[in-house]
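Thanks for making time for this one. I would like to walk through the model in front of us, helix by helix, and then turn to the surface.

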Amino acid sequence: MTAGRVHTLLYAPNAVALVAGAGLVAVTDHRVLLAVTGAAGLGCAVVPARGRGVRSGEAEEVPRR
């Protein structure tokens with residue numbers, strides 16, 4: 001029973017996204033969707049690229065109590 005619920009929670013969003021994507025392709029030009037997807041991908045790549053200002057190998061200072 002638990003496995004079925006976990007399976008549903010893991011795969012239901014994918015099914016919903018497939019339906020939404022098929023609907024968008026039906027009413028929107030594919031070039032617009034490609035541009036929006038590319039912009040979203042670039043936006044998602046910028047966030048980790050900016051980082052938090054901590055360089056590799058440096059430890060963050062932990063406040064002492």
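**Helices, surface and one salt bridge**

Let me begin with Val6, which lies in helix H1, residues 2-27. Before going on, I should say that this is a predicted model, in which local features need pLDDT of at least 70 and side-chain atom pairs count only at pLDDT 80 or more, while totals for chains, interfaces and linings use all residues. Residues are numbered from 1 along each chain as its sequence is written, and side-chain values use heavy atoms, with hydrogens and water left out.

The protein has two helices and zero strands, where helices (H or I, at least four residues) and strands (E, at least two) are DSSP runs numbered from the N terminus. For H1, the 26 residues should span 38 Å at 1.5 Å a residue, and the end C-alpha atoms are indeed 38 Å apart; the expected span is 1.5 Å times one less than the number of residues. Even so, H1 bends by about 35° at Tyr11, with Pro13 following within four residues, the bend being the angle between axes fitted to the seven residues ending there and the seven starting there.

Helix H2, residues 30-50, reaches 30 Å from its first C-alpha to its last, close to the 30 Å expected, and just after H2, Gly51 takes a positive phi of about 70°.

How much of the protein is buried? Buried residues make up 0% of the 65 residues, where buried means under 20% relative accessible area, exposed over 50%, and partly exposed in between (1.4 Å probe, protein chains only). Val6, for its part, is partly exposed at 41%.

Finally, the count comes to one salt bridge, defined as a side-chain nitrogen of Lys or Arg within 4 Å of a carboxyl oxygen of Asp or Glu. The side chains that meet in this way are those of Arg31 and Asp29, at 2.9 Å from N to O; Arg31 counts as exposed at 55% relative accessibility, whereas Asp29, at 34%, counts as partly exposed.
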